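Q: Could you take me through the aromatic rings in this protein, looking closely at how they pair up and what sits over their faces? I'd like one connected picture.

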Amino acid sequence: MYLKSLLTAILFSSSALYAGQTLDASQWRYAVDPHGSTASYEKPLVKEEYVGIAFNRVPRVDAQNNSWVELIYDLPNKSLNDIASIELTYQSDKPLVIKLSQKDYGGKGDKSYAHYQALLPSANQWQTHTLALDDFNRPDWTPSWSKDKGILKANVSALYFVPNLTDEKGGNAWIKIKNVKLNQE
């Protein structure tokens with residue numbers, strides 16, 4: 001409990017205000033598994049300066065039931081058509097996995113959930129990274145039966161931001177996102 005309180009305090013302490021864009025609350029949400037993982041945040045989830053959330057991920061339940069936590073950004077056009085790269089300004093106490101939520105690999109596709117993803121380093125101060133779509137790869141654990149269709153830009157509807165916590169141990173993490181910029185081709 002102390003660790004959860006400490007993570008929440010770190011997440012929401014901020015001595016500076018950040019001028020710039022206003023984030024659209026209708027494009028942000030989060031999801032956690034039904035096995036006991038939790039999310040906590042100071043309401044509202046989307047503030048003027050950033051989106052911030054803390055997660056507590058439980059260890060994997062069994063071979064058929066994995067735990068998961070994710071901060072979700074629904075793409076404004078519900079696709080990555082005409083997009084060449086993604087620029088992200090963020091903070092995260094753990095390395096940050098960015099997943100391209102593509103229907104071909106999700107619940108409406110093959111149900112492997114082996115979405116293309118990229119890994120960014122942890123950052124206790126604001127950092128900006130630009131990722132070309134070529135920087136994204138399918139995860140090592142992708143099942144052999146999941147057919148790789150590549151990144152189909154029209155089928156990517158959201159970006160998932162996931163703290164890099166292990167299936168075996170779970171753990172606690174926090175994420176703040178200040179800016180997501182979709183750069184056109």
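A: Happy to! Please keep in mind that this is a predicted model. The count comes to 5 aromatic pairs, and a good place to start is W28 with F161. Their ring centres are 6.0 Å apart and their planes meet at 25°, which is under 30 degrees, so this pair is stacked. W28 belongs to strand β1 (residues 28-32) and F161 to strand β9 (residues 156-163), so the contact ties together parts that are 133 residues apart in sequence. Both partners are hidden from solvent: W28 has 7% relative accessibility and counts as buried, and F161, at 1%, counts as buried too. Y73 joins this group as well, since ring pairs link W28, Y73 and F161 into a cluster.

Now for another pair, Y50 with W126. This one is tilted, with 6.4 Å from centre to centre and 55° between the planes. Y50 sits in the loop between β2 (38-40) and β3 (51-57), while W126 is in strand β8 (residues 123-132), and the pair links these distant parts of the chain, 76 residues apart. Y50 and W126 are both buried.

Y50 also brings us to the charged side chains. K176 lies over the face of Y50, at 4.9 Å from the ring centre. So Y50 has W126 as an aromatic partner and K176 over its ring face. A similar arrangement involves an arginine: R138 lies over the face of Y105, 4.0 Å from the ring centre.

Methods. Residues are numbered from 1 along each chain as its sequence is written. This is a predicted model: local features need pLDDT of at least 70, side-chain atom pairs count only at pLDDT 80 or more; totals for chains, interfaces and linings use all residues. Side-chain values use heavy atoms; hydrogens and water are left out. Rings of Phe, Tyr and Trp (its six-membered ring) pair if their centres lie within 6.5 Å; planes under 30 degrees apart count as stacked, over 60 as edge-to-face and the rest as tilted. Helices (H or I, at least four residues) and strands (E, at least two) are DSSP runs, numbered from the N terminus. Buried means under 20% relative accessible area, exposed over 50%, partly exposed in between (1.4 Å probe, protein chains only). A charge sits over a ring if NZ of Lys or CZ of Arg is within 6 Å of the ring centre and within 35 degrees of the ring normal.
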